[in-house]
Amino acid sequence: MEELKKIIVDLNSVFEELIPIERNKLTAAADHNVVELEECMKREQVAILQLKGLDQRREALQQKHGWNGMSFRQLAENLDEEEKADIQPVFDELDRNLQSFRDINGDVNEVIKTNLHVVENMLDKTGPYSEQGKEKETEKHYTSRKA
């Protein structure tokens, strides 16, 4: 069980790094700060790679113990009372961190969608191409260039 607890503690650490990144990303998106948004996304990609590595460790551990396809909650339910009492606080912390991340990430996605919609509307009004990719008809000015 110590292996599983270590994985969960490591997951919590990654999410504790990721949550402030998401908050910065939200601020950057709301402020239309593309440079900061890109920096946040680079740091986010590092954290995502760490999460993937931890998920692979979790899957290997589950396969080793015959727990394939079980969620963390299901794993906790199958532990004896002593192990459950030991691991429950880190499960609870992971649950809180995941919820916090999901909330902030949802806000970030909404702000980015709104910004994208604004940009698309501006392009529709000022862009030289139609939705089909053809050049828009513009008023032709017949002036002499000889002057």
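Buried means under 20% relative accessible area, exposed means over 50%, and partly exposed lies in between (1.4 Å probe, protein chains only). This is a predicted model: local features need pLDDT of at least 70, side-chain atom pairs count only at pLDDT 80 or more, and totals for chains, interfaces and linings use all residues. Residues are numbered from 1 along each chain as its sequence is written, and side-chain values use heavy atoms, with hydrogens and water left out.

Q: How many salt bridges does the count come to?
A: Side chains of opposite charge can pair when their charged atoms come close. The rule for a salt bridge asks for a side-chain nitrogen of Lys or Arg within 4 Å of a carboxyl oxygen of Asp or Glu. By this rule, the count is eleven.

Q: How many residues apart are K6 and D10 in helix α1?
A: Their side chains form a salt bridge, 2.8 Å from N to O. Helix α1 covers residues 2-30; helices are DSSP runs (H or I, at least four residues), numbered from the N terminus. About one helical turn separates K6 and D10, because their spacing in helix α1 is four residues.

Q: Is D10 buried or exposed?
A: Its salt-bridge partner is K6. K6 is partly exposed, at 45% relative accessibility. D10 stands at 18%, so D10 counts as buried.

Q: In which helix do E39 and K42 both lie?
A: A salt bridge of 3.5 Å, N to O, links the two side chains. E39 is partly exposed at 33%, and K42 is partly exposed at 48%. They sit three residues apart, about one turn, in helix α2.

Q: What is the N to O distance between the side chains of R58 and E59?
A: R58 is buried, with a relative accessible area of 18%. E59 is partly exposed, at 42%. Their salt bridge has an N to O distance of 3.8 Å.

Q: Which residues do salt bridges that share partners join into one network?
A: K6 and D10 form one salt bridge. Shared partners join one network of K6, D10 and R57.

Q: What distance joins the side chains of K25 and E44?
A: K25 is in helix α1 and is buried, at 7% relative accessibility. E44 is in helix α2 and is also buried, at 10%. A polar contact is a pair of N or O atoms within 3.5 Å; within protein, one must be able to donate a hydrogen and the other to accept it, and residues adjacent in sequence count only if both atoms are side-chain atoms. For K25 and E44, the polar contact is 2.9 Å.

Q: Which residues does E44 touch, not counting residues up to four places away in sequence?
A: Contact means heavy atoms within 4.5 Å. With that sequence filter, K25 touches L37, C40, M41, E44, V108 and I112. Under the filter, E44 touches L18, I21, E22, K25 and N105.

Q: Which helix supplies the largest share of the lining of the largest pocket?
A: The lining includes F72, R73, K84 and R102. It divides into five nonpolar, one polar and six charged residues. Both α3 (72-77) and α4 (81-126) supply at least two lining residues. The largest share, eight residues, comes from α4.

Key: 1 Å grid on protein atoms, 1.4 Å probe; cavity = no way out; pocket = protein on both sides within 12 Å on 5 of 7 lines; lining within 4 Å. Nonpolar A, V, L, I, M, F, W, Y, C, P; charged D, E, K, R; others polar.
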